[in-house]
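Student: I should like a close look at one part of this model, namely the strand pairing towards the end of the chain. Please describe that part in detail and then relate it to the rest of the protein.

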Amino acid sequence: MNKVCLLALILLSACSGNKSKPLPYQIDELFLQEFKDNEPGGAVLVILNGDTILKKGYGISDIQSKQRITPSTLFNVGSISKTFVSNTILSLAAEGKLNVNDSLYKYFSDFKNPVIAKKVKLHHMLTHTSGLPDNRRVLLDSVYLLTAKDQENWNPILQNDSLLFEPGTKFEYSNPAFNGLALIIEKITSKKWQEVVKERIFIPAKMPTSKITDGPYPQSDVAHGYIKSGTTFIEKDYGEEPTFAAAGNGGVWSSVNELANYEMALREGKILKKDLVEHSRSIMHYSPWKGDVPPFIGYSWFVSQTTDSAKIVSHTGAQGGFHADFVSIPEKGFLYVVLCNRSFPRKEFRKKILEMINLKPQELYTPR
């Protein structure tokens, strides 16, 4: 345990008067009960009031090599990747290279039905309110989707002849929307979008080992994802899970250490100006709204609040055997990041950890 963690332990222990175990031990015990040393597990990082109170790996990253998971281990972060696409789009918009009010037709004039392409704006894509049906599995088989990258996942969307609903009136979580947004980054910059994210986010946020899928997953220094079948674990990542090769919706590989750097870079205005970060992490309200629940999403981020009105900004990730959670409460100096190479009760763990720090979140919808 590093010096920061040790200091936090001492302070918390003194404050508790030994009436209860210090917070770091409570969180550690929670994960120790969930993950076994010789099985796939995860890495956890918790920051409170600006201090790192727990940063630890549990279990193994690879069943074959038995390599231990550490806070530096790279995992596929699943849909947390969408926030990288979103922030890159916003950085281009800030430079006047595109506008979130641009229609899809401006970038994809080959839509089967140009009328719907003109209705859908980039901000609808960023907020999962485009109304575009996800018809990939209807038009494409699972074997194709095992190796299909962003363009191949986006192509079926171009064949849609109608919308599920008028853009901006409902929420419908969309993976291919972010494949399309990734392709727009390439159209604007004339570069691979993965390189643009590296230049605009990874480098300023000090994320030197983070990677983005461009076809096959990174071959070294990464965890493998697993699903449990009876008493054994079966590998479930690139090559076994359809759409894994598509990167815009879930292609980022990172560690809890570097995702913490990402969050701090956002808070400090190193990626986007602070007012734009705040705007992107605020609920986007559309009128007329016809969804079953009130709006709860910003530009890719899910937004809620604690019962004492502190804003909660979060995103989950799940792909193949990888499961992740990312929860930020800037007002409390709080960050919780967990990256796992097997499933775990993500929603329950988030709730328990927030309760441990005496924060009660309002109910928040989170996609799988």
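Tutor: Ala318 has His323, in β10, as its bridge partner. The model is a predicted one. The pairing of Ala318 with His323 belongs to an antiparallel arrangement in which seven bridges join β9 (residues 311-319) to β10. Between these two strands lie two residues that complete a hairpin, and Gly320 in its turn has a positive phi of about 60°.

On its other pairing, β10 is joined by seven bridges to β11 (residues 334-340), again in an antiparallel manner. Here Phe326 is matched with Val337 of β11. The hairpin of β10 and β11 has four residues between the strands, and Gly333 takes a positive phi near 60° there.

The surroundings of β10 (residues 322-329) deserve attention: eight of its eight residues are buried, so the strand is largely enclosed by the rest of the structure. In a regular strand, side chains alternate between the two faces of the sheet. For β10, one side carries Phe322, Ala324, Phe326 and Ser328, the other carries His323, Asp325, Val327 and Ile329, and both faces are covered.

As to confidence, the chain has a mean pLDDT of 91, with 93% of its residues at 70 or more. Residues 3-19 fall below a pLDDT of 50, and this stretch has 17 contacts in the model beyond near neighbours in sequence. Where pLDDT is low, the predicted coordinates should not be read in detail.

The wider packing comes next. The largest nonpolar core holds 74 residues, of which Phe84, Leu104, Leu132, Trp154 and Tyr262 touch the most other members. Helix α9 (residues 176-189) gives the most to this core, contributing seven residues. Apart from this core lies another, of 25 residues, which includes Phe31, Val44, Tyr336 and Cys340. Leaving aside residues up to four places away in sequence, Trp154 touches Leu104, Phe108, Phe111, Met125, Leu132, Pro176, Ala177, Gly180 and Leu183.

Helix α9 is itself mostly covered, with ten of its 14 residues buried. Among them are Phe178, Leu181, Ile184 and Ile185. The elements covering its buried residues include α3 (81-94), α5, α6, α8 (150-154) and α10 (193-202). At 1.5 Å a residue, the 14 residues of α9 should span 20 Å, and the end C-alpha atoms are 20 Å apart, so the two figures agree. After α9 comes Ser190, with a positive phi near 60°.

Helix α10 contains Glu195. Glu195 has a relative accessible area of 39%, so this residue is partly exposed. The C-alpha atoms of Glu195 and Ile312 are 30 Å apart, and 117 residues separate the two along the chain.

Some backbone details in loops complete the account. His128 lies between α5 (122-126) and α6 (136-139), and its phi is near 60°, a positive value in a residue other than glycine. With a relative accessibility of 1%, His128 counts as buried. Lys66, in the loop between β2 (51-58) and β3 (75-76), likewise has a positive phi, of about 65°. The peptide bond from Ser287 to Pro288 is cis, and Pro288 sits in the loop between α12 (274-280) and β8 (302-305).

Note on methods. Residues are numbered from 1 along each chain as its sequence is written. This is a predicted model: local features need pLDDT of at least 70, side-chain atom pairs count only at pLDDT 80 or more; totals for chains, interfaces and linings use all residues. Side-chain values use heavy atoms; hydrogens and water are left out. Buried means under 20% relative accessible area, exposed over 50%, partly exposed in between (1.4 Å probe, protein chains only). A nonpolar core is a set of buried Ala, Val, Leu, Ile, Met, Phe, Trp, Tyr and Cys residues joined through side-chain atoms within 4.5 Å. Contact means heavy atoms within 4.5 Å. pLDDT is the predictor's confidence in each residue, from 0 to 100. The expected span of a helix is 1.5 Å times one less than its number of residues. Two strands pair if DSSP finds at least two bridges between them.
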